[in-house]
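Notebook open, structure loaded. I want to go through one helix, the aromatics, the cysteines and the annotated sites.

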Amino acid sequence: MSAPRTITVAFTGASGLPYGVRLVECLLQAGHRVWLLYSQVAQIVARQEMDWNLPARPAEVEAELSARFGAVPGQLRVFGREEWFAPPASGSNPPDAMVVCPCTMATLAAIAGGLSQNLIERAADVVIKEGRKLVLVPRETPYSAIHLENMLKLARLGVCILPPNPGFYHHPQSVADLVDFVVARILDQLGVTHALMARWGEDPAQPGNRD
């Protein structure tokens, strides 16, 4: 198991919320601390894609997900978009890394422009300025020139742009397998040990590899 770290995860209003929820589950199960942020539009996406009534009150989300994923007290903390005194808002207490999953093009553009108009954008700005790992998982297709220019700007700053493009060489048998493929790539970027799927060249039947 990797040494426990603090990872900020943000849900925005793009399609692909199952990736973000699975990521939080895997991080908690691996023993890491998670600071979770979410937008109002993410609540709509949760209902549409997962039949999940994502509560508006962060405390309720924290209690629900902690119970669902077996988090120990204090391992998962959830903050509102306007909680400017939350730890992710300050460079004096930055996380070890941050993932925006899924990431809208609007959020990506705001981060590229350094707007910091809400806690999600400010948290990403803090991670960039403090030299920590930032992973953006943009779910959009096709990309316009504006999207690509914003991604290039961020990539040149060291931000990892990781579109949720699952492969098929591992012969996925379910939607969950496709979700795990993308989450595995995110965890790799974070340096988090996992066994979500066999790595290239490995035998999936070997111990430690997923069936």
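**Entry 1: helix α2**

I started on the outer face of α2, the one turned away from its buried side, and found the exposed residues Gln 40 and Gln 48 there. A reminder to self that this is a predicted model.

Next I looked up the buried residues of α2, which spans residues 40-50: they are Ala 42, Gln 43, Val 45 and Ala 46. They sit on the same side of α2, because the arc they cover around the axis is only 165 degrees. That fits the usual helix rule: with 3.6 residues a turn, residues three or four places apart point the same way.

What covers this buried side? Among the elements over the buried residues of α2 I noted β1 (6-11), α1 (17-29) and β2 (33-38).

One backbone detail to keep: Asp 51, just after α2, has a positive phi of about 50 degrees.

**Entry 2: aromatic pairs**

I asked how many aromatic pairs the structure holds. The count is 3.

I checked Trp 35 with Phe 79, an edge-to-face pair at 6.5 Å centre to centre, with 80 degrees between the planes. Trp 35 belongs to strand β2 and Phe 79 to strand β3 (residues 76-79), so this pair ties together parts 44 residues apart in sequence. Buried or exposed, I wondered about Trp 35? Trp 35 counts as buried at 9% relative accessibility, and Phe 79 is buried too, at 5%.

I then turned to Tyr 169 and Trp 200, which also pair edge-to-face, with 4.9 Å centre to centre and 85 degrees between the planes. Tyr 169 is in the loop between β6 (160-161) and α7 (175-190), while Trp 200 is in the segment after α7, so the pair ties together parts 31 residues apart in sequence. For accessibility I wrote down 43% for Tyr 169, which makes it partly exposed, and 70% for Trp 200, which makes it exposed.

Which residues form a cluster with these two rings? Phe 181 joins Tyr 169 and Trp 200 in one aromatic cluster.

**Entry 3: arginines over rings**

I looked for charges over ring faces. Arg 185 lies over the face of Phe 181, 5.1 Å from the ring centre, and Phe 181 is the ring I had just noted in the cluster. Arg 68 lies over the face of Trp 52, at 5.0 Å from the ring centre.

**Entry 4: cysteines**

How many disulfides are there? I get 0 disulfides. The sulfur of Cys 101 has its closest cysteine sulfur in Cys 103, 9.2 Å away, which is too far for a bond; the cut-off is 2.5 Å. Cys 103 is likewise in no disulfide. Both side chains went into my list of buried residues: Cys 101 has a relative accessible area of 0%, and Cys 103 has a relative accessibility of 0%.

**Entry 5: what the record says**

I pulled the UniProt record, an unreviewed entry, and it lists residues 6-190 as "domain: Flavoprotein". In the model, the end C-alpha atoms of residues 6-190 lie 11 Å apart, and the span is 45% helix and 17% strand.

The unreviewed UniProt entry also places the feature "binding site" at several positions, including Gly 13, Ser 39, Thr 104, Met 105 and Arg 139. I picked Gly 13 and Met 105 for a closer look.

Where is Gly 13? I found Gly 13 in the loop between β1 and α1, partly exposed at 23% relative accessibility. Beyond its neighbours within four places in sequence, Gly 13 contacts Ser 39, Val 41, Ala 42, Val 45 and Thr 104. Ala 42 and Val 45 are among the buried residues of α2 from my opening entry, and Ser 39 and Thr 104 are also on the record's "binding site" list.

Met 105 is in helix α4 (residues 105-113), and with a relative accessible area of 11% Met 105 is buried. Setting aside neighbours within four places in sequence, I listed Pro 138, Glu 140, Tyr 143, His 147 and Met 151 as its contacts.

**Entry 6: Asn 150**

Last lookup: Asn 150 sits in helix α6 (residues 145-156). At 19% relative accessibility Asn 150 counts as buried, since the cut-off is under 20%. Not counting residues up to four places away in sequence, Asn 150 touches Leu 108, Ala 109 and Ala 112.

Key
Residues are numbered from 1 along each chain as its sequence is written. Side-chain values use heavy atoms; hydrogens and water are left out. Buried means under 20% relative accessible area, exposed over 50%, partly exposed in between (1.4 Å probe, protein chains only). Helices (H or I, at least four residues) and strands (E, at least two) are DSSP runs, numbered from the N terminus. The arc is that of the directions from the helix axis to the C-beta atoms. Contact means heavy atoms within 4.5 Å. Rings of Phe, Tyr and Trp (its six-membered ring) pair if their centres lie within 6.5 Å; planes under 30 degrees apart count as stacked, over 60 as edge-to-face and the rest as tilted. A charge sits over a ring if NZ of Lys or CZ of Arg is within 6 Å of the ring centre and within 35 degrees of the ring normal. UniProt positions are given in the numbering used here, feature names are shortened, and annotations may be inferred rather than shown by experiment.
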